[in-house]
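I opened this entry to record how selected helices pack and what forms the nonpolar cores. My notes follow in the order of the look-ups.

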Amino acid sequence: MTDPVVVGVDGSTSSLQAVTWAAQEATLRKAPLHVVHAALRWAYDVPLVPQPAHWGPAEEAACKELLCQAAEQARSEAPTVEVTTEILDGSAAEAIATAAETAQLIVVGRRGLGGFTGLLLGSVSYDLAARSPCPVVVVNRLPTAQDTTIAVGLTGRPDQDPLLEFAFNEAVLRRRPLRAVHAWTHPATRAPGDMQPLVYDVEEVGNEEARLLAESLGGRRERFPDVTLIEHVVHEHPAKALVDASESAELVVVGAPGRALFLTSTVRALLHHAQAPVAVHRTSRPRRN
């Protein structure tokens with residue numbers, strides 16, 4: 001059986017947008033859709049007094065009703081998709097990350113109903129993007145007819161092959177051009193201990209960065225002949241370049257390198273400010289405590 005697309009809901013407008021996006025994605029992938037809600041009995045893993053409220057029939061009924069409404073929305077959006085629901089036990093990010101072990105994709109809204117309303121990015125979506133073993137899509141709004149590309153942020157490092165594979169496959173599914181964005185702010189460091197020059201020729205370095213991007217894309221034009229590939233090299237901060245690219249993108253794909261449970265500053269900024277759904281794809285599995 002095809003691994004499911006999993007979408008987390010909490011009743012917020014943001015999470016219901018995520019349900020619509022996830023239903024469309026499940027249709028494209030010909031995958032089942034699993035709608036989940038984490039029952040937060042206590043927000044912190046520390047012993048405090050008073051204890052959390054008792055979990056009873058009323059709370060369970062409310063969760064089931066929330067899931068029922070989300071499932072109905074998904075089925076109306078994607079009538080051919082098999083939709084299932086589940087109440088998960090535990091904190092939202094941890095519970096959904098556990099569900100991700102058997103998923104091909106996790107989808108959440110950018111902001112939920114938690115106690116962090118002052119933040120631009122909800123704590124659940126941030127934590128989940130940092131810890132999930134499979135790609136996580138954070139949905140802030142639904143794409144429109146003016147959103148015509150898939151954008152992917154690339155560093156030119158060789159560890160980005162899984163990220164590129166994901167981005168190209170998303171472009172194939174949606175029949176969209178793929179914009180490969182490579183931003184730089186200074187000459188790349190070639191090896192540990194390399195000294196970066198204080199003065200350099202911007203045009204010369206730009207040509208070298210373009211060469212690195214072309215090398216990282218090598219062979220994929222032939223493997224994905226139906227994808228129109230746009231190589232975009234720009235001299236500015238990567239976060240700004242990707243936020244700018246998101247203004248005309250249906251999806252922005254970005255890598256989260258390493259195994260630690262944290263996101264880079266570029267990924268954090270993109271999740272805060274992107275004008276399109278953002279897919280965070282780890283280049284290796286994060287450590288689990």
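Which residues in α1 meet which residues in α2? I worked on a predicted model and listed L16, V19, T20, A23 and Q24 on the α1 side. On the α2 side I listed A70, Q73, A74 and E77. I then sorted the residues of this contact and obtained five nonpolar, three polar and one charged.

Next I looked up the geometry of this pair. Helix α1 spans residues 13–29 and helix α2 residues 57–77; their axes lie 9 Å apart, at an angle of about 40°. Because the angle falls in neither the parallel, antiparallel nor perpendicular ranges, I entered α1 as oblique to α2. I noted the crossing of α1 past α2 as right-handed.

I turned to a second partner of α1, helix α5 (residues 161–174). Here the axes come within 10 Å and cross at roughly 90°, so I entered α1 as roughly perpendicular to α5. From α1, the contact draws on W21, E25, L28 and R29; from α5, it draws on F166, E170, L173 and R174. I counted four nonpolar and four charged residues in this contact, with no polar ones.

Last, I examined the cores. The largest nonpolar core holds 43 residues, of which L33, V107, L178 and V253 touch the most other members. I followed V107 and, leaving out residues up to four places away in sequence, found that V107 touches V5, V6, V7, G8, A18, W21, A22, V137 and V139. Apart from the largest core I recorded another, of 39 residues, with V138, L271, A274 and V278 among them.

Key. Residues numbered from 1 in each chain as written. Predicted model: local features only at pLDDT ≥ 70, side-chain atom pairs only at ≥ 80, totals over all residues. Heavy atoms only, no water. Axes fitted to C-alpha atoms, helices over the stretch in contact; angles between N-to-C directions. Helix = DSSP H or I, 4+ residues; strand = E, 2+ residues; numbered from the N terminus. Parallel < 35°, antiparallel > 145°, perpendicular 65-115°, else oblique. Left-handed = near helix turned anticlockwise from the far one by under 90°. Contact = heavy atoms within 4.5 Å. Nonpolar A, V, L, I, M, F, W, Y, C, P; charged D, E, K, R; others polar. Core = buried A, V, L, I, M, F, W, Y, C linked by side-chain atoms within 4.5 Å. Buried < 20%, exposed > 50% of the residue type's maximum accessible area, 1.4 Å probe, protein only.
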